[in-house]
Amino acid sequence: MKPKSDQSRYIILGSIDGVLAVLGVVIGASNVSSNPDLIINAALGGALALAMTNGLGSYLAESAVEYGHLADLEKPLLRNLESTSLEKETRNKILYDTLAHGGSSLIGSLVPILPFVFLENYALEVSVVLSIIVLAALGMFSGKIARQNLILHSVRMVGLGILVVIVVTAFGLT
């Protein structure tokens, strides 16, 4: 088992999901209303739904995969691994991965929301810029984990963010 690398993967995935999905909600809600309460409520609804689906989806997927690995180990050992340290380690890994994915989704989701909480003017613009900055940092984190070019990873992540902003804005209804 590789808990640290899996959790890093889930932190990156969840954070990207949170930032970009909720940024899309913020842009979409801003196209129909300038009321910050409406935008915040819509974005928080999206943030909670995303965190729950990412967390629970990870739980279901990791449970299937990790308990499948345990079943594969049971065959050559000719014994049930239930209530063993291996099974406890498996349960812990599933829990940590679930919390990493769901939690990072929720935290990432807060990034595009916060400007609407604290600013009266230019909240959407600050939300986009702040989201792009966080994506750049996530790209560098991703590059560090991969032991590859930090700038290249950062540029790709920022490019993804810009693409989402362009597409959501282009398809926005006004």
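**Exercise 1. Ala-71**

Ala-71 lies in helix α2; determine how far its surface is accessible and how far it stands from Glu-82.

*Solution.* This is a predicted model in which local features need pLDDT of at least 70 and side-chain atom pairs need 80 or more, while totals for chains, interfaces and linings use all residues. Numbering starts from 1 along each chain as its sequence is written, and side-chain values rest on heavy atoms, without hydrogens or water.

- Step 1. Find the element: Ala-71 belongs to α2, a helix (a DSSP run of H or I, at least four residues, numbered from the N terminus).
- Step 2. Classify the surface: the relative accessible area of Ala-71 is 31%, so the residue is partly exposed (between buried, under 20%, and exposed, over 50%; 1.4 Å probe, protein chains only).
- Step 3. Take the distance: Ala-71 and Glu-82 are eleven residues apart along the chain, and 9.9 Å separates their C-alpha atoms.

**Exercise 2. Glu-82 and Ser-83**

Describe the surroundings of Glu-82 and the backbone of Ser-83.

*Solution.*

- Step 1. Place both residues: Glu-82 is in the loop that joins α2 to α3 (85-118), and Ser-83 is in the loop between α2 and α3 as well.
- Step 2. Assign accessibility: Glu-82 has a relative accessibility of 56% and therefore counts as exposed. Ser-83, with a relative accessible area of 67%, is likewise exposed.
- Step 3. List the contacts (heavy atoms within 4.5 Å): apart from neighbours within four places in sequence, Glu-82 is in contact with Glu-74 and Glu-87.
- Step 4. Turn to a residue farther along the chain: Ala-136 is 54 residues from Glu-82 in sequence, and the C-alpha atoms of the two are 43 Å apart in space.
- Step 5. Inspect the backbone: phi of Ser-83 is near 65°, which is a positive value in a residue other than glycine.

**Exercise 3. Tyr-122**

State where Tyr-122 lies and give the sign of its phi angle.

*Solution.*

- Step 1. Locate the residue: Tyr-122 is part of the loop between α3 and α4.
- Step 2. Read the angle: phi of Tyr-122 is near 60°, and this is a positive value in a residue that is not glycine.
- Step 3. Add the surface class: Tyr-122 counts as exposed because its relative accessibility is 61%.

**Exercise 4. Glu-62 and Ser-63**

Decide whether Glu-62 and Ser-63 are buried or exposed, and name the residues that each one touches.

*Solution.*

- Step 1. Assign the element: Glu-62 is found in helix α2, and helix α2 also holds Ser-63.
- Step 2. Apply the accessibility classes: Glu-62, with a relative accessible area of 9%, is buried. The value for Ser-63 is 14%, so Ser-63 counts as buried too.
- Step 3. Collect the contacts of Glu-62: residues up to four places away in sequence being left out, Glu-62 touches Tyr-10, Tyr-67, Lys-93, Ile-94 and Asp-97.
- Step 4. Repeat for Ser-63: beyond neighbours within four places in sequence, Ser-63 is in contact with Ser-58, Gly-68 and Ile-94. Ile-94 thus appears in the contact lists of both Glu-62 and Ser-63.
- Step 5. Examine the Ser-63 side chain: the backbone oxygen of Tyr-59 is reached by the side chain of Ser-63 at 2.7 Å.

**Exercise 5. The chain as a whole**

Summarise the elements, extent, burial and confidence of the protein chain.

*Solution.*

- Step 1. Count the elements: the protein chain has five helices and zero strands (DSSP runs of E, at least two residues). Read from the N terminus, the order is α-α-α-α-α.
- Step 2. Give the extent: the C-alpha trace spans about 65 × 35 × 25 Å along its principal axes.
- Step 3. Quantify burial: 39% of the 174 residues in the protein chain count as buried.
- Step 4. Consider contact range: among contacts in the protein chain with a separation of 6 or more, 71% come from residues 24 or more positions apart.
- Step 5. Check confidence: pLDDT (the predictor's confidence in each residue, from 0 to 100) has a mean of 92 over the protein chain, and 96% of the residues reach 70 or more. Confidence is lowest in helix α1 (residues 3-32), where the mean is 90, and highest in α4, where the mean is 96.

Key:
Polar contact = N/O pair within 3.5 Å; in protein donor to acceptor, adjacent residues only side chain to side chain.
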